[in-house]
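Q: Hey, I'm new to this one. Can you walk me through its contacts?

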There are 6 protein chains.
Amino acid sequence: MNTFLLKKEIEHFFQEDMQFGDISADTIFPKDILGNGIIMSKSNGVFSGEAVIETAFQLLDPNIKVILHKKDGESVQSGEIIAEVTGPIRALLTGERTVLNIIQRMSGIATKTREAVQRLQSDKTRICDTRKTTPGFRLFEKYAVTCGGGYNHRQSVNDGVMIKDNHIAFCGSITEAVARTKAQVGPMVKIEVETETIDQVKEAVHAKADIIMFDNRTAEEIAEFQQYVPDTIMTEASGGITLDNLHTYQNSGVDYISLGFLTYGAHALDLSMHVKGGNK
Amino acid sequence: MNTFLLKKEIEHFFQEDMQFGDISADTIFPKDILGNGIIMSKSNGVFSGEAVIETAFQLLDPNIKVILHKKDGESVQSGEIIAEVTGPIRALLTGERTVLNIIQRMSGIATKTREAVQRLQSDKTRICDTRKTTPGFRLFEKYAVTCGGGYNHRQSVNDGVMIKDNHIAFCGSITEAVARTKAQVGPMVKIEVETETIDQVKEAVHAKADIIMFDNRTAEEIAEFQQYVPDTIMTEASGGITLDNLHTYQNSGVDYISLGFLTYGAHALDLSMHVKGGNK
Amino acid sequence: MNTFLLKKEIEHFFQEDMQFGDISADTIFPKDILGNGIIMSKSNGVFSGEAVIETAFQLLDPNIKVILHKKDGESVQSGEIIAEVTGPIRALLTGERTVLNIIQRMSGIATKTREAVQRLQSDKTRICDTRKTTPGFRLFEKYAVTCGGGYNHRQSVNDGVMIKDNHIAFCGSITEAVARTKAQVGPMVKIEVETETIDQVKEAVHAKADIIMFDNRTAEEIAEFQQYVPDTIMTEASGGITLDNLHTYQNSGVDYISLGFLTYGAHALDLSMHVKGGNK
Amino acid sequence: MNTFLLKKEIEHFFQEDMQFGDISADTIFPKDILGNGIIMSKSNGVFSGEAVIETAFQLLDPNIKVILHKKDGESVQSGEIIAEVTGPIRALLTGERTVLNIIQRMSGIATKTREAVQRLQSDKTRICDTRKTTPGFRLFEKYAVTCGGGYNHRQSVNDGVMIKDNHIAFCGSITEAVARTKAQVGPMVKIEVETETIDQVKEAVHAKADIIMFDNRTAEEIAEFQQYVPDTIMTEASGGITLDNLHTYQNSGVDYISLGFLTYGAHALDLSMHVKGGNK
Amino acid sequence: MNTFLLKKEIEHFFQEDMQFGDISADTIFPKDILGNGIIMSKSNGVFSGEAVIETAFQLLDPNIKVILHKKDGESVQSGEIIAEVTGPIRALLTGERTVLNIIQRMSGIATKTREAVQRLQSDKTRICDTRKTTPGFRLFEKYAVTCGGGYNHRQSVNDGVMIKDNHIAFCGSITEAVARTKAQVGPMVKIEVETETIDQVKEAVHAKADIIMFDNRTAEEIAEFQQYVPDTIMTEASGGITLDNLHTYQNSGVDYISLGFLTYGAHALDLSMHVKGGNK
Amino acid sequence: MNTFLLKKEIEHFFQEDMQFGDISADTIFPKDILGNGIIMSKSNGVFSGEAVIETAFQLLDPNIKVILHKKDGESVQSGEIIAEVTGPIRALLTGERTVLNIIQRMSGIATKTREAVQRLQSDKTRICDTRKTTPGFRLFEKYAVTCGGGYNHRQSVNDGVMIKDNHIAFCGSITEAVARTKAQVGPMVKIEVETETIDQVKEAVHAKADIIMFDNRTAEEIAEFQQYVPDTIMTEASGGITLDNLHTYQNSGVDYISLGFLTYGAHALDLSMHVKGGNK
């Protein structure tokens, strides 16, 4: 994660949680008391958030030292230590909740993504995310997906073109919609077309879409659709795919399976931070 | 929800999703084409997000009209319409994903909260949230909890004092920790003390804490602890409480049960928006 | 003071005072010239602003060293040195006015608060502030009150409930207003009710308000009202109380006296900064 | 006041006072209840803040109507109505404190400035302010000075050059300091030089300073100094001037008297807002 | 242009130009004086900036009416009227310079782009921009390129992958660099590879780059290189191409020619605004 | 340049260019790989941007070291090294484009200004800029003008009064317009009047304008006008002056010649950055 960007985001989060400071920590502890905190996992999963721990605490106090025991994408077992944080105890306590709120969600998403990847068990097909992220938190969620072995679809709405049913309806055909788009966008923009039938797939191929999405199709349908798509065009399956039926897509041949639930359906991983302290 | 605050937050979210605009919508649709969108539910739950729909689309285009069919806190069934949105189609499409990302999460939290309230089935005991919210999204998550029938615990870390094990350890006793805090905070600040044993409860009562939290206690323990707490002191149960065992706390007599999973464990409610358009 | 929050605020203040830089300092002094500045008091009072001096100058130049001779809340006499600041002279001169503007106001408020505390001479009754602060400057003003020995009332309008005449009028009674509020707010929110008569006080007690405010009452009235309020309910006197009549409230028994003039009526303490320099 | 700038500032102030909304107003009043508020004066003074009242309430709710009874710079007597505000009562109550906090300070400064102008009673000499303003609130304080009949000195540190003792000491002489500055600044920048003796005044005249400041001089000294200054150079008296001795400067001939206390020593004018309401 | 985004950017620009307001306009004109302004061209070129004129003036005063005589991308001749703006004269004068500063630069870029397109005279090859834009002004510059008939290359550094000499050197080969990238990026990201020789082109084709850039190659070299690239891979020529030699690339067969000078080498188009006024 | 202000601006620029990070650099290079970059000139000109290089890269990574070989205002020849930058290669690559975008434009303006100064060849008359800067980039452009030997006219619209034709028309005369302004502005504000005829010049002198601008006048006219202006009033020539006819103004006697093209007509200086790396 880019630490410059990370700082800007985390500054915003700290301002949300403590507009006027942390009255519990500041009331109990004099400002020069030191402490240390152990961040550990209380369940099994995949960790994501190295740079968050380092960056967040040092924003509150540059004297805080962080020792990481786990790397992004590494598995954690319940009871394992993720990081040790040492420094002024006020800053440790003030930052604790926000840091946990971030890394628990990131690790939850990494865990969910890893599970999806393992359920799929495919060398060819990749798992990717969607724009169905929590507003204001996308940088973290998108990164967490990659820690779990997934891939990022569009970062934002200006990152690529998605031609959906309403665009097609307005233009009259996939052919026209793609042509209209190609007439306007530059070389780095990919054009993806949503399809539901073989005819639509053929039309999208003919129109030279960069990616063809199979919308709400079964693994069998996709395997069939896939035959009409040349190697130079990427394919994506989307809609109706769950952890339970993911394995059925193993040999569908599709390039990507996009799963909105990676970001909106992941449970936060149960992490805790124990802070102790008392000496100068 | 306060619309002034809402605008500021949603502006931030839109900037996250479209730094340079929506190339799909802007490429396909000329700027004066009108459209309409139907936001509907694809599952059963509790809706939350009235003001979000109105405020968000009007930020993108003041000419957009919103007709709401559901109110915050109202139950929705799969297939029911939540709102109709009419206006320039570019703005409808550009706003669609961000609005859904917000209201799906809010409705998910409202739904989870409603479920907790119904599982508990208590006239006395209330369900409340924690600070375990998604960073940058707290305003929405805290409000959603109230739509489901829950209550808000601290909005932020400067909203009240929580005296936990590490504060107590540093001060030497609950008595000393409360005294030190009382010596410093003003009249509007409540002091909550975490306890695990009857002796701690008695000490907290004696120290005149405003709220006593029973940390990770069973319903039976709580019912016992509760006897030592006078009416003028609020109590809260926290830790180890799930949807499955919530009913056991029905008659524990505790005032509040705080549930972190309301915000970090809720699934987004499945909502969709269908946009159609094409005429000026 | 939380230095993370402090930085954010002071950045904003510097941007106000020097959108394009300090043309006086930058024109006269080459950038590597060092200097030192002595901040001293030109009148008697109570100092507040340690962290401001350190944080502000280091924002302009991380090489600046600050030696503090006074602590927050310490008395200063005219002629006493508060701090010495050493480093690049441009940054010393550029920061001088903004730093003085902040700490003079903070020290003025600390001084005024100390005076109120001393006039009152009460072991039981505390002095507290209000929300009548300078917009954009509350973090500093609220902290300064504590340096003078006062306490903070609400930090912001979402920090607690104040039930005033117009709320009561709309609800029909104090009883109803408190009940309606209690039905909606969570465990960490205190409810304060404004009262003017014994009947209102009794009603507020009966309604289980957390705090009862005696609005514009004399010390005698308050002493009487106080008898109807149990120990578990805090009381506050507000309105019509001046430095001159504060001593009459000494034995009124009220818990808090809130004084708007602590923040809107304090004179800036006369502090100055003498900067000298010229060597590399 | 420029309403575009005003909005940006007031948005910031509202965010300070209600990070998560106004729980008192929102708990008691349903969102469509209307009300009206009367802003009136409880003391005599000069009003400043027309545009603030209009802009602030409309930020909270565009449906609010404001009728102003007083104009900026107009005298108000205790008991006189300044403005009537009508609209959704939640927004009236939420905005009340922040609006009063702004206009009370502005009116206090306007009142103090008017008093200074009247004490001076001079056709030639003008009263002006300094940069000794409350950080984050300068736009309002500088404007309020003009409402009282005063003038604005520098808006910010990049608005003009002030050559003070430390600049002179570093350069070796006023002549050299002015020359060095003139060699670097453009046509719209004025150069002001602080002087304490006739020799310094003569040197500053010779160096062609745009403004000469007489630092901590009596009215008699100034009258003498003034003789050495040609009409094309402005003069300013600063330091040691109070409301009590201002009249002695009446015939000193100086162009401006700058008074830091206009902004740091003014009391907020006692204004109140009474809100009533209850109907849809 | 997306008006939501436009507002946010222009707010920032106005704050740059008038931290404390427009003293010329505010001093001369009472606030209710109306005026009108004619924006006209003083040279020949291509206009860009419709939405800027509308949005900018309405930010300063919602009562301002704008009538546009030219559309984005339309040619303008010296002496032609681009827009008429009517409303409070203060706002017209305050906004004049900032609006002209924006639309002159945009129109200059549109004009330069149109010229490049016309010099090239190619049905196949498109002109596109680069990231060599003015920091803080990219939204406007990128849009202006499209008004002149050009295309946008990457909007930002997270919009696509560019594999340059230093990436290749680190990885050891183009093959390895592309493979490493493909292993990490998702379906919407294009990978572009810089090449200088036929061997590199062949390697990039073999590695399945999405785009191959011919770096600093003549039209002849490009025509040769192009033969080794299948239709499914886009090509781009970059470096050493000027308005003077653009025509030589007409039949090179390359898909895009990227020209940094569109944004860093365009002169502002000479536009003026004449404001008249005086009546209420 | 003030580094505090610089940081704030450059943070904004980095956020524009990499909302979600630099996928090229982050994909190819592990985060602890070091590199070094050489910034060199590919053409002849005047360098401006020392502080930008230092500040920008250290924002991305505080471990980056910068060695500067050129100072602001120093001439550079094609092939000369400007700076060496060493540190984590990711940060070098991520910052490269934004840093070049800034310093190329600054150096282009410095170069253009130097050329104007040399064409003019005058000891008396100075070259100055205008407010015709790129919105959002003024801090950099104004500073660059001084690096080339030019001077800054108004930094912003609240920096001084410009009385133009429409102000004069509304007031009825220059005399009245100046008088109205003088009645309102304070001591640090200069008043400049635009004139086109000798009569207007005389009137402006009589009205005691601080600066008189000769609008679109030839060198001969200016030489004549200049005779009517006393030494205590500055003069400025503006309009119709180009690099080609600048020498004709050499002996016109005017104090300043303001040239909008310094900022809107300068070409970016051709600078490049070569980054190499690969070791830890």
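Q: How many salt bridges are there across the interface of chain E and chain B?
A: The rule finds two across that interface, a salt bridge being a side-chain nitrogen of Lys or Arg within 4 Å of a carboxyl oxygen of Asp or Glu. In one salt bridge, K31(B) pairs with E50(E), and their closest N and O atoms are 3.9 Å apart. Keep in mind that this is a predicted model, where local features need pLDDT of at least 70, side-chain atom pairs count only at pLDDT 80 or more, and totals for chains, interfaces and linings use all residues. Side-chain values use heavy atoms, without hydrogens and water, residues are numbered from 1 along each chain as its sequence is written, and chains are lettered from A and ligands numbered from 1 in the order in which they are written.

Q: Which element gives the most to the side of chain E that touches chain B?
A: That's α1(E), with four residues. Helices here are DSSP runs (H or I, at least four residues; strands are E, at least two), numbered from the N terminus.

Q: How many residues does each chain bring to the contact?
A: Chain E brings ten residues and chain B twelve, with contact meaning heavy atoms within 4.5 Å.

Q: And how much area do chain E and chain B bury?
A: About 1000 Å² between them, with 59% of it on carbon and sulfur atoms. Buried area is the accessible area (1.4 Å probe) that two parts lose on being put together, summed over both. F4(E), L5(E) and K8(E) supply 50% of what chain E buries against chain B, more than any other three residues.

Q: Switching topic: what domains does chain A have?
A: The assignment, which is automatic or from a database, gives domain 1 (3-116 + 267-279) and domain 2 (121-264). Their centres, taken over C-alpha atoms, are 35 Å apart.

Q: How much do domain 1 and domain 2 of chain A bury between them?
A: About 1600 Å², 75% of it on carbon and sulfur atoms. On the domain 1 side, I109(A), T113(A) and A116(A) supply 37% of the area buried against domain 2 of chain A, more than any other three residues.

Q: How many salt bridges between those two domains of chain A?
A: Zero.

Q: Which element gives the largest share of the domain 1 side there?
A: α4(A) does, with ten residues of the side that touches domain 2 of chain A. That side of domain 1 of chain A divides into twelve nonpolar, three polar and six charged residues. Ala, Val, Leu, Ile, Met, Phe, Trp, Tyr, Cys and Pro count as nonpolar, Asp, Glu, Lys and Arg as charged, and the others, Gly among them, as polar.
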